[in-house]
Amino acid sequence: MSASESGQGTNPAQEPGLDPGTAEELEQERARVAGPPVGDDAVDTASRLAKALQQTMSSPWTVSAGAVLLAIVAGSVMIAFTDEEVKAASTYFFARPGDTFVALGQAIGGAYAALFRGAVVNFQADDLATAVRPFTETLTYATPLIAAGLGVALAFRAGLFNIGGQGQMLVAAAAAGWVGFGVSGVPFPLHLVLALVAGIAAGALWAGLAGLLKARTGAHEVIVTIMLNYVAFYLISYFLATPGLLQAPGSSNPKTPPTPQSAQLPALLGERFNLTWGFVLALLAVVGVWWLLNRSSAGFAFRAVGENPRAARVAGIDTGRTTVSSMLVAGGLVGLAGASQVLGAITTGFSSDIDAGIGFDAITVALLGGSNPWGVLAAGILFGAFKAGGSTMQAAEGIPSDIVLVVQSLIVLFIAAPPLVRAIFRLPDPSRRRAPKKARKTKEAAA
Amino acid sequence: MSAEHRTTQLDAPLSETTRTVTVVTWKTAGVLAAITVLYALLLVAVPHAGDTRFVLSSRNDFFQIPVIVLPSAPLAWACGAVLLAVTAAAAVLTARHRRTPTWLVVVYAAAALTGFLAWAGAGSPRDLSVVGLLGGAVLWSVPFVYGALGGVIGERAGVVNIAIEAQLLGAAFTAAIVSSITNSAVMGLLAALLAGALVSLVLGLFAITYHVNQVIVGVVLNVLVVGLTSFLYSQVLVPAAETLNSTTRFSAVPIPVLSEIPVLGPVLFRQPLLIYLMFLAVPAVWFALNRTRWGLRLRAVGEHPKAADTVGIDVVRTRYNAVLVAGAVAGLGGAFYTTVQLSQFGENMTGGAGYIALAAVIFGKWDPVRAAFAGLLFGFASNLQNVLSVVGSPVPSQFMLMVPYVVTLLAVAGLVGRSRPPAASGEPYVKG
């Protein structure tokens, strides 16, 4: 989530000053030792304090906080300009300016309070369970975002841009759903496992097809995954409209029958909450992807091919095979998202819009998470919170939940551009501590 | 790449004669064979008797071509024979280490399409309007072609433009408002131009000035503009739909004489102004990129910014310049939605057209003319469903709708192959 992490894997040139920075600190230290002993303890403490303050101000976390603040301000401006009561009060602004400000405060404060109430804690609730319910809703929304975000992030690390999340989710949902209601007589845990495996395998195969085409023929994965999205959409539409495949018996709507109890992900916190064990699966996927990328030889090959395919090939890595296997794993993760939707969140039957844009949201989640599994987890929960809060905000305050998209995307933009945030808040730049260097140069010139 | 077959005449003298290197692969022949087999399977599995009525004329032509009624099964099989012949020719050429010429592939595509339409329209009492099929394709390709042109300009300068979707949607939104207020489609078009450039300015600010990963900026801008336009749509446009969201549209302007040529006339010369502009824009962009100093500098910056900087080209300024022009061109495509297609803006009305334009950029190998033809192909794909729904299709409509995308997949895999983007595309330039 931090800016330096988000630079990793996506843009190494973003933090050019890391190594020179430490080198300069060494220089500073050396200069202090070599130079004449100036100042007493008080001055030293003061400079240390200043240094600590400077470090805090230039830390990536401050920049992230600044980015969130900026995005919230931008959202407030949008609310302020479109709120009816603010408009009404501003017509007599010069007569009674107070009214405008009260209306502004009510509109903006009400919106963000509703967002918080819908996403984190409902402070108007009577009992504890109702109070914490919003956060469990956040985690429910976050589950598919985390899983699909991991899929996109993993492909990114292998140098592939997987825009095919929609198609992979649709295929996975169809496979998991079909095993769910098409297969009967299998007891609870086994049925669920079968459906999950079917969904994950279907997603993996759909993405693996894109990887295979890329590896075998050199077709660009962006085109291939987009085209496969359309193919999957029409394929699922056909299945949904055909009795005996996915269409609910006795119905003419393009909708599936509900998922039977034996194939459903059980509730994690009891029946009162919508949160299912799907979230735990997503957490396991985070750990699994972290292990795969950072502790396994396959993950090393993924990253090597992603960083520099030529060097990887010279080092003896089969780039074609790596492309296919990374897409297989990525598709499996997106497949988990699709399966968890059908088997956990929406068990009443689904139609061809089951992906609900998650395949595309996953790209933003992966980017915000810096293509790093833990970052994706945090970004997924943040975006889940926005989704959960956005609907509450729309219901309670009448503000379209689309504003959430604006705030979300502004956060990602600002976090990706630390220099801009630092310029706006006049924060010091960690890579610009050049003073000792200049001193050394003059010393050399003198010598 | 096991199927790849390389012949290199290494023993030829290097000095006097030019060394010829021919890379011949079996991919093209393989894909053609695969499509031929699929085609034959379709005809065998779902036989479809009856006649197909091809209509070539429209009312205003010089002379009327009578409705051509052909027995569909023989026609479809005749086309199948052509497919087989082309496939065999491609195989023979490949075996002799020669490439399959493009015209052969075009003949193949035309035969496949004719056969497919003959088979699909068999026995239908309705006419299969060739003019409607092609004219609609030109119309529907407008956002793809403009978007692809914008994508090509940006990428040739080294800035990956994934924000085409944002430029289209932002432009459609702005054009809707301005055209509604001013009651002038031309003003809407100008506003769309500015809106596209404005999105580009944000893209440039983050991608060029702040060196943010261009893919991130592009994807995020797409989300940002969807959120922004949807929010403003429901908060501002819906309450005042009469004044702010009922646009004045471009009407079709028939060009005198030319529009009366049978088939070609109504397809190419009885269209709204925005389409004529597109006919001009494609060669204009090609000329600007390949025959002007501006284009040379732009391509230099996209291939090797450091070298360009060394000879005194301002990399940052050239890139900003290119990105702004790219945004404006894509903006023209966005205007299509609210000044040609519909007379009002709707939430997320571009529906992923920007991503298809992006595919057209890559399909067209970053060349404006090829990218425009790729855009035309996708336009044809979008229009095919309209025509087939009139004729009534013998196989489930979903499969018919899927065909263009499957063909694109096969074409990209078999005919285009490894595409090479501009060398510095996607890389921020840090001076020093």
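This report walks through chain B of a predicted model, from its domains to the side that touches chain A.

**Domains and sheet**

Let's start with the overall layout. The domain assignment splits chain B into domain 1 (4–126) and domain 2 (141–369). The centres of these two domains of chain B, taken over C-alpha atoms, are 33 Å apart.

Chain B also holds an open sheet of 3 strands in the order S4-S3-S5, and its pairing is mixed. Strand S4 (68–71) and strand S5 (128–129) of chain B form the edges, each pairing on one side only. Strand S3 (residues 51–55) of chain B runs parallel to S5(B), joined to it by 2 bridges. If you look at Phe54(B), you will find its bridge partner in S5(B), Leu128(B). Helix H2 (residues 72–95) of chain B packs on this sheet and touches S3 and S4 of chain B. The direction of H2(B) makes about 80 degrees with that of S4(B).

**A helix with buried residues**

Next, have a look at helix H12 (residues 293–303) of chain B, where Arg297(B), Leu298(B), Arg299(B), Ala300(B), Val301(B) and Gly302(B) are buried. The buried residues of H12(B) pack against four helices of chain B: H5 (142–156), H11 (273–291), H13 (305–310) and H14 (315–341).

**The side facing chain A**

Finally, we come to the contact between the chains: 44 residues of chain B are in contact with 41 residues of chain A. Helices H8 (214–237), H15 (353–363) and H17 (397–416) of chain B each supply at least two residues to this side. H8(B) gives the most, with 15 residues. The table sorts this side of chain B by residue class.

| Class, chain B side touching chain A | Count |
|---|---|
| Nonpolar | 31 residues |
| Polar | 11 residues |
| Charged | 2 residues |

Definitions and conventions:
Residues are numbered from 1 along each chain as its sequence is written. Chains are lettered from A and ligands numbered from 1 in the order in which they are written. This is a predicted model: local features need pLDDT of at least 70, side-chain atom pairs count only at pLDDT 80 or more; totals for chains, interfaces and linings use all residues. A residue is buried if 20 or more other C-beta atoms lie within 10 Å of its own, exposed if 12 or fewer, and partly exposed in between; C-beta atoms are placed from the backbone. Two residues are in contact if their C-beta atoms, placed from the backbone, lie within 7 Å. Ala, Val, Leu, Ile, Met, Phe, Trp, Tyr, Cys and Pro count as nonpolar, Asp, Glu, Lys and Arg as charged, and the others, Gly among them, as polar. Domain bounds come from an automatic or database domain assignment. Two strands pair if DSSP finds at least two bridges between them. Axes are lines fitted to C-alpha atoms, for helices over the stretch in contact, and angles run from 0 to 180 degrees between N-to-C directions.
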